[in-house]
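Reader: I am new to this structure. Please give me a close look at one part of it: the side chains that carry charge, and what lies around them.

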Amino acid sequence: MSLRFFSHLVVMGGLLVAGLLPSCADGADGANDATEIVRTATQAELAADKNDHTRWRYRDAKSDGIDTVSIVVETDYGSVNRVIMRNGRPLNEAEARAEDERVRRFIHDPEKLARQKRDGAQDGKNAEELLHMLPEAFTWKTVREDAQKYTLHFEPNPHFSPPNMQGRVLGTMAGTMVVNKAQHRIETISGKLTQDVTIGWGLFGRLHEGGTFRVERREVEPGLWQIVETHVHIQGKALFFKTIGEQQDEVQTEFTQVPAGTTLEQAVEMSKPAKGAGNGKAK
């Protein structure tokens, strides 16, 4: 399930965003080596996505205008997301009953389950396209190396010909990516829009220069990687001057594997918080 990392970079109607942290390094050989590091990492991510079918239960603390803490339980049939805190306080008894009813309605709604599946598949497709473009969309340089990781800086490649809108947006980024040496897995990608991005010559939308994001991943069990933090701060204008934007900070913790074959009904029970569970605000 590694491509879910990149699906978090899908914003503003399917646009893919990546990049950040200006830095420098010299030498064509170093650039070539850095590009090979990126190619190896993208191949490792694609292979992991193909072979990793683990499902997880985790705590998701999100701040996007309303601070919420949820318990998410993934299954082969869909994911259950139960809100357990809102704006820094646990749900009261009436709110908890209403949330339980919402969750139970969801797992018995074929249309909503199908929509969740379609959205996940589209995110995965976009993410795979992004991975394939990464080595060529940017010029890469190694700016730091130690026994555990490579830190790479990237800037738009002037010779890159974007195949679609996602690629065009991708080509306006500059940034940093950290790659784990032992497993060739991407640990961190953080970025900044280096210029305004217009959609339809600005008539249909514009993302403003300076927008940033950062995604952090960690190995939660041997060989199994998950997102642990997502921070997106992007602003712009859409059709008819309506403001569009992604202002989101999300922290995911307490990962435990969900047994194979878990049903949605079982996931509902697993999504209930343990008594005395503490807060988990996004930072």
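**Charged side chains and their surroundings**

Author: Start with K181, which lies over the face of Y150. The distance to the ring centre is 5.0 Å. A caution before going on: this is a predicted model.

Now to charges that meet charges. Side chains of opposite charge can pair when their charged atoms come close. Here the structure holds 20 salt bridges. Take three of them in turn.

Find R104 and E269. The two form a salt bridge, with their closest N and O atoms 2.8 Å apart. Now look at where each one sits. R104 belongs to helix α3, residues 93-107, while E269 belongs to helix α6, residues 264-270, so this pair ties together parts that are 165 residues apart in sequence. Are the two partners buried or exposed? R104 is partly exposed, with a relative accessibility of 29%. E269 is partly exposed too, at 41%.

The second bridge joins E187 and K149. Their side chains meet with 3.3 Å from N to O. This time the elements are strands. E187 is in strand β10, residues 186-193, and K149 is in strand β8, residues 149-156, so the bridge ties parts that are 38 residues apart in sequence. The surroundings of the two ends can be read off as well. E187 has a relative accessible area of 9%, so E187 counts as buried. K149 stands at 29% and counts as partly exposed.

The third bridge is between R218 and E216. Their closest N and O atoms are 3.2 Å apart. R218 is partly exposed, with a relative accessible area of 38%. E216 is at 12%, which means that E216 counts as buried.

Some bridges share partners. Through such sharing, R82, D100, R104, E269 and K272 are joined into one network. R104 and E269, the pair described above, are both members.

Next comes a charged residue without such a partner. E250 is found in strand β15, residues 243-258. What does a buried E250 have for company? E250 has no salt bridge. The nearest side chain of opposite charge is K62, at 4.1 Å. The cut-off for a salt bridge is 4 Å, so this distance falls outside it. E250 does have a polar contact, side chain to side chain, with Q252 at 3.4 Å.

K62 leads on to the strands. Strand β3 covers residues 55-63 and pairs with β4 in the antiparallel sense, over 7 bridges. Within this pairing, A61 stands opposite V69 of β4. The two strands form a hairpin with 3 residues between them. In its turn, G65 has a positive phi of about 105°.

Follow the chain into strand β4, residues 67-75. This strand is mostly covered, with 8 of its 9 residues buried. Its other neighbour here is strand β5, residues 78-86, which runs antiparallel to β4 and is joined to it by 8 bridges. V73 stands opposite V80 in β5. Again there is a hairpin: 2 residues connect β4 to β5.

One more charged residue is worth finding. E136 lies in helix α4, residues 110-137. E136 has 37% relative accessibility, so it counts as partly exposed. Which residue sits 98 away from E136 in sequence, yet 9.6 Å away in space? That residue is V38, with the distance taken from C-alpha to C-alpha.

Last, go back to rings, since the tour began at one. There are 5 aromatic pairs in the structure. One of them is F138 with W140, in an edge-to-face arrangement. Their centres are 5.8 Å apart, and the planes stand at 85° to each other. F138 is buried, at 2% relative accessibility. W140 is buried as well, at 1%. Elsewhere, ring pairs link W56, Y58 and F255 into a cluster.

To retrace the route: K181 lies over Y150, R104 bridges to E269, E187 bridges to K149, and R218 bridges to E216. E250 is buried and has no salt bridge.

How values were computed: Residues are numbered from 1 along each chain as its sequence is written. This is a predicted model: local features need pLDDT of at least 70, side-chain atom pairs count only at pLDDT 80 or more; totals for chains, interfaces and linings use all residues. Side-chain values use heavy atoms; hydrogens and water are left out. Rings of Phe, Tyr and Trp (its six-membered ring) pair if their centres lie within 6.5 Å; planes under 30 degrees apart count as stacked, over 60 as edge-to-face and the rest as tilted. Buried means under 20% relative accessible area, exposed over 50%, partly exposed in between (1.4 Å probe, protein chains only). A charge sits over a ring if NZ of Lys or CZ of Arg is within 6 Å of the ring centre and within 35 degrees of the ring normal. Helices (H or I, at least four residues) and strands (E, at least two) are DSSP runs, numbered from the N terminus. Lys and Arg count as positive and Asp and Glu as negative; His and the chain ends are not counted. A polar contact is a pair of N or O atoms within 3.5 Å; within protein, one must be able to donate a hydrogen and the other to accept it, and residues adjacent in sequence count only if both atoms are side-chain atoms. Two strands pair if DSSP finds at least two bridges between them.
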